[in-house]
Each structure stands twice: as structure tokens, then as C-alpha cells.
Amino acid sequence: EARMSIETSFFSSKAPKERKVCIAKRHRGWNGPRAERFAPSDPKAVDWKAAYRKDLESRFPTPSSLRLYLQEIEKRTPDPILCCFELNPEECHRRVLAAFIKENINLDVPEWNGRRHDGQFSLLP
């Protein structure tokens with residue numbers, strides 16, 4: 001099975017634009033690819049983490065439904081970086097999504113940090 005490489009970040013990060021995929025509900029001036037089914041239905045919910053979890057659980061009732069959607073995204077955007085606006089990942093639904101993906105299909109979705117895991121851009125061996 002092909003190994004997916006998916007990361008998360010925010011729009012204004014230095015992550016390569018051609019890998020960015022919007023997972024925000026609203027996207028001021030974003031005209032790149034979007035993953036609508038990963039956008040929160042109510043980003044302003046008081047308990048937004050729980051609300052977003054519910055969104056994900058209802059949209060992806062099975063691990064295979066989640067895997068298929070990620071594969072669709074990957075077909076359009078290889079090594080996608082799922083992006084929203086929030087600078088701090090802990091205040092953002094992208095890390096809730098990353099945890100959901102990990103729990104359901106055991107795929108790590110790290111926050112993009114400029115170092116590819118294959119060492120391509122790393123100064124370390």
C-alpha cells in the first residue's frame with residue numbers, strides 16, 4: 001500500500017504553496033485546492049473541538065471512508081499540507097483532524113516544519 005505523506009500547517013506558513021490544501025470553512029483569497037469535507041461546520045462553536053469531532057465522525061463513519069477521501073486529496077495534490085488560518089496549531093481544528101486520522105487509520109499527520117521526513121531538505125543525516 002502506498003505510504004501517504006500528509007501534514008498540517010496554516011496558510012501564511014512558508015510551506016510550499018503547491019502542496020497546500022484548504023480545510024477552512026471560509027478562505028479569504030484562497031484559490032488553491034480545497035478539502036471541503038474537512039472544514040468545520042461551525043468554526044465558532046463554543047466547544048469547537050467537540051463540534052468538529054462530531055463533524056468528522058458523521059462524515060467519515062468508517063476508516064475506509066476516511067482513507068478514500070485522503071486518497072482523493074492526494075491524487076489532486078501529492079504530499080498535501082492541510083491548511084487553515086490559525087497560527088497556533090493547538091487553537092486550530094487541523095490538529096483535531098490529525099488526531100482523528102491517527103485514531104482511525106493509524107497515519108501520523110505531523111505539523112509541517114520545513115524538514116521533509118525523507119531528509120531531502122534536512123541538514124541532519
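**Exercise 1. Work out where Ser5 sits in this predicted model, and decide whether Ser5 is buried or exposed.**

Step 1. Start with the place in the chain: Ser5 belongs to the segment before β1 (7-10).

Step 2. Now check the accessibility. Ser5 has 18% relative accessibility, and the cut-off for buried is under 20%. So Ser5 counts as buried.

Step 3. Look at who is around. Skipping residues up to four places away in sequence, Ser5 touches Glu74, Asp79 and Pro80.

**Exercise 2. Asp79 turned up as a contact of Ser5. Find out what the phi of Asp79 is, then do the same for Asn106.**

Step 1. Here's the background: most residues other than glycine have a negative phi.

Step 2. Asp79 isn't a glycine, yet its phi is positive, about 50°. You'll find Asp79 in the loop between α2 and β3. With a relative accessible area of 22%, Asp79 is partly exposed.

Step 3. Over to Asn106, which lies in the segment after α3. The phi of Asn106 is also positive, near 55°. Its relative accessible area is 54%, and exposed means over 50%, so Asn106 is exposed.

**Exercise 3. Describe the largest nonpolar core: how many residues does it have, and which have the most contacts inside it?**

Step 1. Count first: the core has 32 residues. Phe38, Leu66, Leu70, Leu97 and Ile101 have the most contacts inside it.

Step 2. Next, see which elements feed the core. At least two residues come from each of β2 (20-22), α1 (48-59), α2 (63-76), β3 (81-84) and α3 (93-105). The top contributor is α3, with 6 residues.

Step 3. Zoom in on Leu97. If you leave aside neighbours within four places in sequence, Leu97 is in contact with Ile23, Phe38, Tyr52, Leu56 and Leu82.

**Exercise 4. Explore the largest pocket: what lines it, by class?**

Step 1. Get a feel for the space: about 430 Å³ lies in this pocket.

Step 2. There are 19 lining residues, and those closest to the centre are Pro40, Pro43, Lys44, Phe85 and His93. Among the elements, α1 gives the most to the lining, with 4 residues.

Step 3. Sort the lining by class and you get 9 nonpolar, 2 polar and 8 charged residues.

**Exercise 5. Go through three of the salt bridges, and say where Glu111 and Arg94 lie in the chain.**

Step 1. Keep the idea in mind: side chains of opposite charge can pair when their charged atoms come close. The model has 8 salt bridges in total.

Step 2. Take Arg34 and Glu36, whose side chains meet at 3.7 Å, N to O. Arg34 is partly exposed at 21% relative accessibility, and Glu36 is partly exposed too, at 48%.

Step 3. Move on to Arg53 and Glu57, with their closest N and O atoms 3.4 Å apart. Both sit in helix α1, 4 residues apart, or about one turn of the helix. This pair doesn't stand alone: Arg53, Glu57 and Glu103 are linked in a network of salt bridges.

Step 4. Finish with Glu111 and Arg94, where the closest N and O atoms are 2.8 Å apart. This pair links distant parts of the chain, 17 residues apart: Glu111 is in the segment after α3, while Arg94 is in helix α3. Compare their surroundings: Glu111 is partly exposed at 22%, whereas Arg94, at 0% relative accessibility, counts as buried.

Key. Residues numbered from 1 in each chain as written. Predicted model: local features only at pLDDT ≥ 70, side-chain atom pairs only at ≥ 80, totals over all residues. Heavy atoms only, no water. Core = buried A, V, L, I, M, F, W, Y, C linked by side-chain atoms within 4.5 Å. Buried < 20%, exposed > 50% of the residue type's maximum accessible area, 1.4 Å probe, protein only. Contact = heavy atoms within 4.5 Å. 1 Å grid on protein atoms, 1.4 Å probe; cavity = no way out; pocket = protein on both sides within 12 Å on 5 of 7 lines; lining within 4 Å. Points joined across faces, edges and corners; volume = space filled by probe spheres on them. Nonpolar A, V, L, I, M, F, W, Y, C, P; charged D, E, K, R; others polar. Salt bridge = Lys/Arg side-chain N within 4 Å of Asp/Glu carboxyl O.
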